[in-house]
Each structure stands twice: as structure tokens, then as C-alpha cells.
Amino acid sequence: MSSPTIRHMRTIAKIKMAAKKPRDGKTHVVGHVFKDYAQRATVHGIPQTVGATKYCGQRFIWLVLLLGLAISLTIVVSVQMTDYYSYPTVINMAERPFDEDDFPAITFCDPPPLSPFSFLDNDDDDNDHVKIFSLLRTGPLAPHGCLHMRGAEEAERGECLLTHSQNSVRMKLIKCGWNKLQSKGVCDEFIYPTTTTEGSCLTLNSSRNSSNSVGQTLTFNIIIELDSSVTSIGQRDGIQIALHSNNEYPFPDVKEAHFIPANSSCIVKFEKTTRHSLGPPYKDMLGGRCLPDQEADQRSLYRYPHYSQKACQRECLVNFTSEQCGCRFYLDRGSEDLCSAGQTWHCLESSGQDFYGNKSTQCNCPSRCTRVEYETFVSCTPLTSIHASAPMVHLTFLQSGPLKMEIEQIPVYSVETILANIGGQIGLFMGFSIVSMVEILEVLAIMVLTLITPKVAQKVGKDKGKAIKEEDGKLEVEGGHDDHNV
């Protein structure tokens, strides 16, 4: 007999012996199910590892190859997931047309003194002296009358400071209007008084504009007359302006405000930039955590109508100093008693320094995820041809161009992207697909049912016996052909 015939006879004998062996119950059937799956699996390499060998060492070589690919796949997927959970982002910048809603709110205030703020100490009426200190945003110098109110409570002296601040506004509106100057009565529709940390100011709310100038360059003109008297030591002759969002309470601090000298005509151009950052778990564009706009709108503050980072920080400061001193600074919002000038010097200054030194980090005041910024360019010329009894300021506000800048933070990975990346890596290394997953689930289901259901075990055993008989007949036919050829 030839060698092929001998090999076929040996294979037939092995199959018959395996069929005659006493079956090890359900466990033997489960093993047959697993081997049957391994021989027809769509996952690359498994049939070569479990099936019949064609050369010496084939199973070992494929087993080592599969283990190497599995380890490589694990490393690649681990790196991919680590990068995903670092939440990387990219920045998208786009220019969009400027419209009426993009016009800012504008706050006009008396400029703060250039010299350190001063208050008169009234502890000793016979020896009045000036105490110089630098409490942040202390406002204008208090009048001598508020400091020397004999028999008055400290809160009454504080109320005197607030009343004086409200009555000492040097600004008087003459004319204003959208796109052209109109009578003073028009100004009352969208300019209203506000009390800020710089004193009593005027704020233009451009959202009240009813000019219907869609598609046109929107400008705002205003003429302000200034009181010739100066109420504070070091007071500069002019006004201070600050541009901000319409839904943001004004905080016209020195860093963002612009000084406009008296008797000048100025053109104020601005550029609007809106930054849309992603909320948690992503870091915003500044590397911190921002508050989504919907949560910011729902987050209520006690002292301010709308949430902003500045308003939250200021409220945190006022809460701390009010708790320490039993009163609040007269320009801050709230219902507590107002501090007198003496209390401001003795308590508010020291507690404010303690707050910024130790307590400010406990405020939990994240910025809004949508931040609106206005970059301002001011050019002024002196008013030489106007003969007025008091200093005046003429201002024209307009956007510097027809476009605004939108900066948006976009995640590098979405759920769809990470699934596609990992699926591609698994398919590249192992040839694994959703069909392969279905096959594995099917085999696991059959194994479980085989172990717990006798009928399934019997059916699988019959199918196995039938497969052995078919293989036996096939090999016998092939052996007969080989003998005939010999």
C-alpha cells in the first residue's frame, strides 16, 4: 500500500477509536462544540492553532503569533484609551457677520483717583488726620460731613457715604442716539444709573435698542457734560468707560476700562470675540474648568442678577468681609448694614487682605464656558471749537469691522470616533469583527445550554456522531481511490 493510503487508514482508526471511547458526559460534548467553533472561526489564526496541522510546529508558531498580536493590540488600545480619557481638544476659529445683538453694553463712570484712596478718621474730632490705605475698589473720597456725624450710628454714616456717591455723579447726558444724535429723552430708554465698585455710574444696555438697523453699521453717539468740580483727591478730569456683555453686571476696573479726557471727541472701535469652551470633563481654553451656560444661568447669586466669574468672586469677598466686620462696603450690593469710613479702614481693609491671601481659592467661581470679550481701540481729538460752561465729552461707538470672531473648542474624540479607532485596530491585528462577536456569543450560549439542558446535549452528541460517520465514509472513499491508483 502507498503512504497516502496508510495515513488515511490511521486517521480512520483514530476517529473510530474516539467514537468508541466512553463519553465524558456533557463536558465531552462542550469540548466538541468548542473545537468545532475553533476550526471554522472567522478570527484570524484560531483555525490554524486548533485545527489539523500541515507541518511540524504549525500550532506552536501560530500560537506564538496570536499571543504577540494580542499583546500588541492590548498596548495599542491602552494607548488609545489613555489619550481618549485625557480629553484632548482642538480649536476652531471662524468669522461671522456682526449684528445688533453683538453690540456691547457700555458703562460710564467717574475715573478713580490716581493717588491712594483717603478717608478722614473721626475718632478724635480735635485731631482730624488722613489715613491713607489701598482697599481694593474703595470708591471716591467720602465728604467730611459723613465722617463727623455726632451721635450717629456707624450704619447711618455708611448710608451717608452711599447717598453722597449717588448725588456726586459728575456726568450729565446731553444727547445720544443710535446712528445719529437725538434729544436727551431718547437716552432714558436704554441708559440707566448703576452702582458699581467704582461708584455711581451710567450703563448703556444695547439690548434695548429699537433702531431696526439690520445689515447696517450700528453706531452709538453720546454727548456727556461733566461737572467742573472735582470731588476726590487726585481726581482726573474726564470719564471712564468699560465695554462688557449685556447680561453681565458691570465691574469697570482699571485693567479693562479706558479713560476719556474732558473736552475731547473720541471714536471708540471694538472687536468682539466669543470663546466657546467645553464643559467638564474637558478643560477650557485657559486650562481650568468652566461652568456650562445652562448651569450658569441656573446658578443664582445673592447680590447680582446674573452669574459671572467676577460677580461670584466679588460676592465671595463681600460675604467674607461682611461676616468678619458685621457690615458691608457701601458700594457693594446686599442687605447688611453699611460700613462707615472708620470701619472701612479698621476692618474691611484687613479682612480684605486676609481674603486675598488665604480665602479666595475657596470661592468656587469658575468662568462661564461662553466668554465674550471686547477689544477696544480709542482715538481722541480735543474739542477746540466748542465754548461751553462745563467740560464735555463726545463719544462715538462702532464696531471696527463687519465681522466678529468665534472661537470654538472641539473634542478630538467622540464616542463614534473612539469606537471606530478601536474597531479598526482589532480588525487589523486579529481580524475581529461584529460577526466574530456574534459567533462567540453563539458558541457560549450553546455551551451553557449544553450544560444545563439535556436535550441540547443529546442533539449536539448526535450531530457529532453524524459528523464522524461522514468523515469516516469520506476518508474510506479517498483511501479506495488511492489503492486503485496504486
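**Reading a predicted model, feature by feature**

Biologist: I'll start with one residue: Val318 lies in helix α9. Is Val318 buried or exposed?

Modeller: First, keep in mind that this is a predicted model. To judge burial, look at the relative accessible area; under 20% counts as buried. Val318 comes out at 1%, so it is buried.

Biologist: Okay, and which residues does Val318 touch, leaving out those up to four places away in sequence?

Modeller: Its contacts are Arg303, Arg328, Asp332 and Arg333. Take the last of these: Val318 and Arg333 are 15 residues apart along the chain, and their C-alpha atoms are separated by 8.6 Å.

Biologist: Arg328 is on that list. What does the side chain of Arg328 meet in a salt bridge?

Modeller: Here's the general idea: side chains of opposite charge can pair when their charged atoms come close. In this model, the partner of Arg328 is Glu336, with 3.6 Å from N to O. Arg328 counts as buried because its relative accessibility is 9%, while Glu336, at 24%, counts as partly exposed.

Biologist: How many salt bridges does a search of the whole structure find?

Modeller: Eight. Some link distant parts of the chain, so let's go through two of those. In one pair, the side chains of Arg275 and Glu373 meet at 3.3 Å, N to O. Arg275 sits in strand β11 and Glu373 in strand β12, 98 residues apart. Both ends are partly exposed: Arg275 has a relative accessible area of 27%, and Glu373 is at 30%.

Biologist: And the other pair? How far apart are the closest N and O atoms of Arg368 and Asp297?

Modeller: Those atoms are 2.8 Å apart. This pair also links distant parts of the chain, with Arg368 in the loop between α10 and β12, Asp297 in helix α8, and the two positions 71 residues apart. The two ends read differently on burial: Arg368 is buried at 16%, whereas Asp297 is exposed at 56%.

Biologist: Which residues are linked in a network of salt bridges?

Modeller: That would be Asp102, Lys272, Lys404 and Glu406.

Biologist: Let's move to pockets. What is the volume of the second largest pocket?

Modeller: About 770 Å³. A good next step is to ask who lines it. There are 27 lining residues, and the closest to the centre are Ser245, Glu248, Arg371, Val372 and Glu373. You've met Glu373 already, as the salt-bridge partner of Arg275.

Biologist: Which element gives the most to that lining?

Modeller: Strand β12, with seven residues. At least two residues each come from β9 (238-244), β11 (264-276), α9 (309-325) and β12 (370-382). So α9, the helix that holds Val318, is one of the contributors.

Biologist: How do the lining residues divide into nonpolar, polar and charged?

Modeller: Four are nonpolar, 12 are polar and 11 are charged.

Biologist: Now backbone oddities. What should I look for?

Modeller: Most residues other than glycine have a negative phi, and most peptide bonds are trans. So you scan for exceptions to that rule. Tyr87 is one: its phi is positive, about 55°, although it is not a glycine. Tyr87 is found in the loop between α4 (58-84) and β1 (89-97), and it counts as partly exposed, at 26% relative accessibility.

Biologist: Where does Asn263 lie?

Modeller: Asn263 is in the loop between β10 (258-261) and β11. It also has a positive phi of about 55° without being a glycine, and it is partly exposed, with a relative accessible area of 38%.

Biologist: Which residues does a cis peptide bond join?

Modeller: Pro280 and Pro281, with omega at about 10°. Pro281 lies in the loop between β11 and α8 (293-298).

Biologist: Last one, helices. Where is the kink in helix α10 centred?

Modeller: On Leu348, and the kink is about 35°, within a helix that covers residues 341-359. For helix faces, remember that an α-helix has 3.6 residues a turn, so residues three or four places apart point the same way. With that idea in hand, look at the buried residues of α10, among them Thr344, Cys347, Leu348, Ser351, Gly352 and Phe355. The kink centre, Leu348, is itself in the buried set.

Methods:
Residues are numbered from 1 along each chain as its sequence is written. This is a predicted model: local features need pLDDT of at least 70, side-chain atom pairs count only at pLDDT 80 or more; totals for chains, interfaces and linings use all residues. Side-chain values use heavy atoms; hydrogens and water are left out. On a 1 Å grid over the protein atoms alone, a cavity is a set of points where a 1.4 Å probe fits but cannot get out, and a pocket is an open set with protein on both sides within 12 Å along at least five of seven lines; lining residues have an atom within 4 Å of a point. Grid points are joined across faces, edges and corners, and a volume is the space filled by probe spheres set on the points. Helices (H or I, at least four residues) and strands (E, at least two) are DSSP runs, numbered from the N terminus. Ala, Val, Leu, Ile, Met, Phe, Trp, Tyr, Cys and Pro count as nonpolar, Asp, Glu, Lys and Arg as charged, and the others, Gly among them, as polar. Buried means under 20% relative accessible area, exposed over 50%, partly exposed in between (1.4 Å probe, protein chains only). Contact means heavy atoms within 4.5 Å. The bend at a residue is the angle between axes fitted to the seven residues ending there and the seven starting there. A salt bridge is a side-chain nitrogen of Lys or Arg within 4 Å of a carboxyl oxygen of Asp or Glu.
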